[in-house]
Amino acid sequence: MSEPATTSRPLAPEGFIADCRARLGFDLLARTWTAVVIFGLREGPRRPGELREAIGGISPKVLNDTLRRLEDDGLVERRRYAAAPPRVEYALTPLGETLLGPVEALGAWSVEYGDAVVEAQERAEERAERGRDR
């Protein structure tokens with residue numbers, strides 16, 4: 001396993017990130033389904049049912065809420081078609097497409113370091129169990 005990359009560039013003036021633009025990106029990707037939905041739309045527009053099937057494990061309500069939030073953020077656009085029955089598709093906006101690189105990088109990081117994180121979590125659970133048994 002290789003060492004994690006570090007950077008000498010400050011994330012924000014004075015090194016604080018609480019009120020900087022970087023926090024906006026961190027907050028966007030920290031939402032539970034954001035990165036998954038963005039990745040699910042990487043190949044083009046999808047209807048909600050198709051997207052839900054591709055993602056798996058997400059309820060219609062949670063998907064709808066996530067899509068609306070991403071639409072409000074300017075990352076996803078909703079396209080309504082006057083058909084019978086009415087049809088709706090969602091697609092990444094050009095701004096949303098700019099997040100594909102960071103989302104794919106996070107996915108690559110997860111593949112490389114995910115086992116180490118899971119092992120650390122399991123060790124923490126074992127320590128907690130031993131603490132409860134005392």
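**Group meeting: a walk through the fold**

Okay, let's start with contacts: if you take the pairs in this chain that sit at least 6 apart in sequence, 47% of them join residues at least 24 apart. Bear in mind throughout that this is a predicted model.

So what is the chain built from? Its secondary structure comes to six helices and two strands. Reading from the N terminus, the order is α-α-α-α-β-β-α-α, with the two strands following the fourth helix. And how much of the chain is buried? Of the 134 residues, buried ones make up 22%.

Next, a helix pair. Have a look at α3, residues 48-55, and α4, residues 60-72. They pack at an angle of about 110°, and their axes are 11 Å apart. The cut-off for calling a pair roughly perpendicular is 65 to 115 degrees, so α3 counts as roughly perpendicular to α4.

Who actually touches whom there? On the α3 side you've got P48, L51, R52 and I55, and they meet P60, L63 and L67 of α4. Sort that contact by class and you get six nonpolar residues, one charged and no polar ones. The charged one is R52, if you're looking for it on the screen.

Now let's move to the pocket. The largest one has a volume of about 240 Å³. Which elements give two or more residues to its lining? Those are α1, residues 21-30, and α6, residues 100-133. Helix α1 provides the largest share, seven residues.

If you want to click through the lining, here's the roster: R21, A22, L24, G25, F26, L28 and L29, then L99, P102 and L106. By class, that lining has eight nonpolar residues, one polar and one charged. The polar one is G25, since Gly is counted in that class, and the charged one is R21.

Last stop, still on α6: the tryptophan, W109, which is placed in that helix. Is W109 buried or exposed? Neither, quite: its relative accessible area is 41%. Buried would need under 20% and exposed over 50%, so W109 comes out as partly exposed. As for its partners, if we leave aside neighbours within four places in sequence, W109 is in contact with G114 and V117.

That's my tour: the α3 and α4 packing, the pocket with its lining from α1 and α6, and W109 in α6. Happy to spin the model around for anyone who wants another look.

Conventions: Residues are numbered from 1 along each chain as its sequence is written. This is a predicted model: local features need pLDDT of at least 70, side-chain atom pairs count only at pLDDT 80 or more; totals for chains, interfaces and linings use all residues. Side-chain values use heavy atoms; hydrogens and water are left out. On a 1 Å grid over the protein atoms alone, a cavity is a set of points where a 1.4 Å probe fits but cannot get out, and a pocket is an open set with protein on both sides within 12 Å along at least five of seven lines; lining residues have an atom within 4 Å of a point. Grid points are joined across faces, edges and corners, and a volume is the space filled by probe spheres set on the points. Helices (H or I, at least four residues) and strands (E, at least two) are DSSP runs, numbered from the N terminus. Axes are lines fitted to C-alpha atoms, for helices over the stretch in contact, and angles run from 0 to 180 degrees between N-to-C directions. Angles under 35 degrees count as roughly parallel, over 145 as roughly antiparallel, 65 to 115 as roughly perpendicular and the rest as oblique. Contact means heavy atoms within 4.5 Å. Buried means under 20% relative accessible area, exposed over 50%, partly exposed in between (1.4 Å probe, protein chains only).
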